[in-house]
Amino acid sequence: MSGFASLRLTICAAFLGALLYAPVAAAQSAAAPAQTITLGPSGLPLPRFVSLKSGRVNSRVGPGVNYSVDWMYMKPGLPMEIIQEFDTWRRVRDADGSEGWINQSLLSGRRTAIVAPWQRGKGGRINLLNDPDKGASVVAIVEPGVMGTIKSCDGQWCEMTFDGHTGWLAQSLVWGAYPGERVKN
């Protein structure tokens, strides 16, 4: 085969390959999720939200009892974000951004959240609504920094309970559920 014929054959093969590959690549990118989910060694997604089981939980500087205690949490149900896993230890972050290691036996899958901790101390108040709608009637008024239990989130709104009052908050106002995340407790 001459050099010209070989070149022409190579170009045709490349062109044909591009034509065949382009629709497949476009379909794969269109079907790809917006966010890739990373699984930890436990098989559960990282990061993820959990809560504290107990009222006295030590947060350590490393993953094990031989590491010193950096902080002690005294509030059962406090939401935590798991950001790393090592054996039976979970590296967590609290709503204030503090990080440490807590044994998995002290964590629960029960979902709780803190209302707008970033607005704490600024004098604002947030309406707990009767329905997931900005125009809905107000059930209660909650202060930033208050902790409640998540009943469900639909990606935009979370139904939560605070001291016996149940209502809806915009999901963007809670620390304990990711934007767009669906939760069913």
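The questions and answers below go through a predicted model, from its confidence to its salt bridges, backbone exceptions, largest pocket and two buried residues.

Me: Over which residues is the pLDDT below 50?
Reply: The protein averages a pLDDT of 85, and 81% of the residues score at least 70. One stretch has a pLDDT below 50, and beyond near neighbours in sequence that stretch has 2 contacts in the model. Where pLDDT is low, the predicted coordinates should not be read in detail. The stretch with pLDDT below 50 covers residues 1-33.

Me: Which residue forms a salt bridge with R90, and are the two buried or exposed?
Reply: The structure holds 8 salt bridges, and in the one formed by R90 the closest N and O atoms are 3.7 Å apart. R90 is buried, and its partner is buried too. That partner is E85, which makes the answer to the second part buried.

Me: How far apart are the closest N and O atoms in the salt bridge between R91 and E99?
Reply: R91 has a relative accessible area of 29%, which means that it counts as partly exposed. E99 is likewise partly exposed, with a relative accessible area of 31%. The closest N and O atoms of R91 and E99 are separated by 2.8 Å.

Me: How many residues apart in sequence are the parts that R120 and D96 tie together?
Reply: R120 and D96 form a salt bridge in which the closest N and O atoms are 3.1 Å apart. R120 lies in the loop between β10 (112-115) and β11 (126-129), whereas D96 lies in the loop between β7 (89-93) and β8 (99-103), so the pair ties together parts of the chain that are distant by 24 residues in sequence.

Me: Which of the residues R120 and D96 is exposed, and which is partly exposed?
Reply: For R120 the relative accessible area is 39%, which falls between the limits of 20% and 50% and therefore makes R120 partly exposed. D96 has 61% relative accessibility, and because the limit for exposed is over 50%, the exposed residue is D96.

Me: Which residues do salt bridges that share partners join into one network?
Reply: Side chains of opposite charge can pair when their charged atoms come close. Salt bridges that share partners give one network here, and its members are E81, R91, R93 and E99.

Me: Where is the cis peptide bond that involves P47?
Reply: Most residues other than glycine have a negative phi, and most peptide bonds are trans. P47 lies in the loop between β2 (45-46) and β3 (48-52). The bond in question has an omega near -10°, and it runs from L46 to P47.

Me: Is A116, which has a positive phi although it is not a glycine, buried or exposed?
Reply: A116 has a phi of about 30° and lies in the loop between β10 and β11. Its relative accessible area is 0%, so A116 counts as buried.

Me: What is the relative accessible area of D163?
Reply: D163 is not a glycine, yet it has a positive phi of about 45°. Its place is the loop between β14 (157-162) and β15 (165-170). D163 is exposed, and its relative accessible area is 82%.

Me: Which strand gives the most to the lining of the largest pocket?
Reply: The largest pocket has a volume of about 550 Å³, and of its 22 lining residues the closest to the centre are P45, P47, R48, Y178 and E181. By class, the lining has 11 nonpolar, 7 polar and 4 charged residues. At least two lining residues come from each of β2, β3 and β9 (107-108). The strand that gives the most, with 3 residues, is β3.

Me: How far is the C-alpha atom of L107 from that of S54?
Reply: L107 is found in strand β9, and at 9% relative accessibility it counts as buried. Its contacts, leaving aside neighbours within four places in sequence, include V50, L52, I82 and R90. L107 and S54 are 53 residues apart along the chain, and their C-alpha atoms are separated by 8.0 Å.

Me: What is the C-alpha to C-alpha separation of A177 and R111 in space?
Reply: A177 lies in the loop between β16 (174-175) and β17 (182-184), and its 6% relative accessibility makes it buried. Leaving aside neighbours within four places in sequence, A177 is in contact with F49, R111, I150, C153, C158 and Q171. Although A177 and R111 are 66 residues apart in sequence, their C-alpha separation is 8.3 Å.

Notes. Residues numbered from 1 in each chain as written. Predicted model: local features only at pLDDT ≥ 70, side-chain atom pairs only at ≥ 80, totals over all residues. Heavy atoms only, no water. Salt bridge = Lys/Arg side-chain N within 4 Å of Asp/Glu carboxyl O. Buried < 20%, exposed > 50% of the residue type's maximum accessible area, 1.4 Å probe, protein only. Helix = DSSP H or I, 4+ residues; strand = E, 2+ residues; numbered from the N terminus. pLDDT = per-residue confidence, 0-100. Contact = heavy atoms within 4.5 Å. 1 Å grid on protein atoms, 1.4 Å probe; cavity = no way out; pocket = protein on both sides within 12 Å on 5 of 7 lines; lining within 4 Å. Points joined across faces, edges and corners; volume = space filled by probe spheres on them. Nonpolar A, V, L, I, M, F, W, Y, C, P; charged D, E, K, R; others polar.
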